[in-house]
Amino acid sequence: MNAFIKKEIRLLLPNAVLCCLLGVANFTFIFNQDGSLHSFWDVLLSLVFCGGVVIMTALNSFGAEISLGTFSNLLAQPVSRQKIWDTKILVLGAVLLFVALFWSACSLGRLALAGHPPGLLNLVTNLGLFLLVTFSGGLWTVLLLRQVAAAFWFTLLVPAILVVLVSPLSDDGHYMAGVMACVLGVYSLAGFFFARWLFFRAQDVPWSGGVIALPEVRGLFRPKADPVRLRQWRPRAALFWKEMQLHQAQFIFAGVLLVLHLGALAARAWGNIRKNSGLEFILETLWMLWLVLPLLTGAAAVAEERKQGTLAAQLCLPAPRRTQFPIKFRVTLLLSALFGAILPVLLEGRRILPSFHFLLPGMDNPGDLASGGNMAAFIWLALEIIKLLLPFLLLIGLALAIGVLAFYTSSLTRNTLQALAPAVGIVALFLFLVSTAATPPPIHSLHRLAGGFVPWRGALIYLIGLPAFFIAVTSLASRNSRQPAPGLADIRQNLLVLAVFFVLTLAATTLIYHRAWEKITPFEPPHGAASYPGTTRRC
């Protein structure tokens, strides 16, 4: 096999393997009677993370060359650009086709096992359009922008904007499906030929029309300069604003996503959309794109500074590292909660959180319940408010979990592109474990062949495992972020620590659930002289 083809296969192989592993997750999905996915976690895994990994696979063909700094060497090779283009396109097309076939086999097998009609035509059409759009978008966005994070969002948002613009044109479902296929097909062809044109005219350094930065309002909250007054040093504020500037790309794309989301709301309100159609499903689940922003925010927190070469300089600043890491970590948590939970709830409201209220019905004055110092009323009111806010708290917890896990993978990688694929895999694994941890499969022992030994049931695993897991991940991320260039030894140490944590968590949960301490305590109190309860012995 040609060495150039081997290099391309090694470039795309990690993401392709991750795509196949996520395709196997189809066998864990639970379907409703109409064939739709039953659980929110299944929809999230199938739409956001599986789609995100396929997009990263398409971006990797040229994006990995740009991120690793080998794009200039690629152009300087004594090989014609036509051969380079043909090799990259054929290998990328073959990988995406293999992923599509694998996903189709897993989906059809799962539907057949569940007793649902396969819907082969719809599956092939939707998956084929998605792969064509991803294949084309992953090429032209990387070659035009030369930035993987920006290319990811353009690959994701440009087809979504086309769908939102075309959706209100007609109320005929079959006609709209044909129009949508034609629009996305034309977009795919145009993007492919535009990418080819860009590659054959590519230079070592792309032209830049200027620095894209957030606008600064001059004179706002800025006191007048006093030449006599000494300058006040605020290292924490400087580090905080530095972190906010690091994530300014996320703010820009959050604004674009906000406009797209408002367009989807307008299309749902005034457009003629057929019920139970694919277009309605896309518009109804568009808000899940906000959960990609915590992923990108966490993935860029440390890895982007390593790529730009500023992490080593930051570690040399006259500020303690115990101050630098908490500020970086808190900014990631703040932006994850803002982008992943608060903004979707403000836009969608009770449609995605039907149980979300601020007060109980008929309790406009909570102070009446606690009149006379009734502490039980306070406790009851607090529990009821927590119960009603539980869906919103779970959504915030999901956004924070995505941000923390992406932050952890960012602390072990050297650029954002390297951090995204492992972050998607870790988040998908985390969601799978969370959704199945409450009811683990029974473990049959040799002495109990007739029945099974259940290690635990219920929420005990969450009360023990989740806090310990995030403490371990945060501690490891703090240690990893101090390394200017982490290597394989650091990755092995992290895997060893996480494996020990996992084993200890399972052991602690099992021992507490089965009350293991009772095995070493006496079952009866010590025997003595017979006496009535409550009597005392006299000497």
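Is Arg-515 buried, exposed or partly exposed? I looked this up before anything else, working throughout with a predicted model, and found Arg-515 partly exposed, because its relative accessible area of 42% falls between the limits of under 20% for buried and over 50% for exposed.

**Entry on the segment after α18.** I placed Arg-515 in the segment that follows α18. I then checked its backbone and noted a phi near 50°, a positive value in a residue other than glycine. I kept the note since most residues other than glycine have a negative phi.

**Entry on helix α18.** I went back along the chain to Leu-506, which lies in helix α18, residues 488-513. Leu-506 is partly exposed, with a relative accessible area of 29%. I also looked up its separation from Gly-465, and found the two C-alpha atoms 8.1 Å apart in space, although the residues are 41 apart in sequence.

**Entry on the salt bridges.** I searched the whole structure and recorded nine salt bridges. I began with Glu-8, whose side chain meets that of Lys-7 in a salt bridge at 2.8 Å, N to O. In this pair I counted Glu-8 as buried, because its relative accessible area is 0%, whereas Lys-7, at 24%, is partly exposed.

I next followed Glu-8 to a further partner, Lys-88, and found their side chains meeting in a salt bridge, again listed as 2.8 Å from N to O. This pair links distant parts of the chain, with Lys-88 in helix α4 (residues 81-114) and Glu-8 in helix α1 (residues 3-24), 80 residues apart. I noted that both Lys-88 and Glu-8 are buried.

I then turned to Lys-328 and Glu-243, which form a salt bridge with their closest N and O atoms 2.8 Å apart. Lys-328 lies in helix α14 (residues 321-348) and Glu-243 in helix α8 (residues 235-246), so the pair ties together parts that are 85 residues apart in sequence. I entered Lys-328 as buried because its relative accessibility is 4%, and Glu-243 as buried because its own value is 1%.

Which residues are joined into one network by salt bridges that share partners? I traced the network through Lys-7, Glu-8, Glu-65 and Lys-88.

**Entry on the nonpolar core.** I looked up the largest nonpolar core and found that it has 112 residues, with Phe-71, Phe-152 and Trp-153 having the most contacts inside it. Helix α15 supplies the largest share of this core, namely 12 residues. I listed the contacts of Trp-153 in more detail: leaving aside residues up to four places away in sequence, Trp-153 touches Val-158, Phe-253, Leu-257, Leu-289, Val-292, Leu-293 and Leu-296.

**Entry on the surface patch.** I finished with a nonpolar patch on the surface, formed by Ile-379, Leu-383, Ile-386, Leu-390, Leu-393 and Leu-394, which together have about 580 Å² of accessible area. I checked Ile-379 on its own and found it in helix α15, which covers residues 375-410. Ile-379 is partly exposed, with a relative accessible area of 48%, and I could admit it to the patch on that count because the cut-off for patch residues is over 30%. My last note on α15 is therefore a double one: this helix contributes 12 residues to the largest nonpolar core, and it also holds Ile-379, a member of the surface patch.

Notes. Residues are numbered from 1 along each chain as its sequence is written. This is a predicted model: local features need pLDDT of at least 70, side-chain atom pairs count only at pLDDT 80 or more; totals for chains, interfaces and linings use all residues. Side-chain values use heavy atoms; hydrogens and water are left out. Patches are made of residues with over 30% relative accessible area and no salt bridge: like charges are joined within 9 Å, nonpolar side chains (Val, Leu, Ile, Met, Phe, Trp, Tyr) within 5 Å. Accessible areas come from the Shrake-Rupley method with a 1.4 Å probe; for residues, only the protein chains shown count as cover. A salt bridge is a side-chain nitrogen of Lys or Arg within 4 Å of a carboxyl oxygen of Asp or Glu. Helices (H or I, at least four residues) and strands (E, at least two) are DSSP runs, numbered from the N terminus. Buried means under 20% relative accessible area, exposed over 50%, partly exposed in between (1.4 Å probe, protein chains only). A nonpolar core is a set of buried Ala, Val, Leu, Ile, Met, Phe, Trp, Tyr and Cys residues joined through side-chain atoms within 4.5 Å. Contact means heavy atoms within 4.5 Å.
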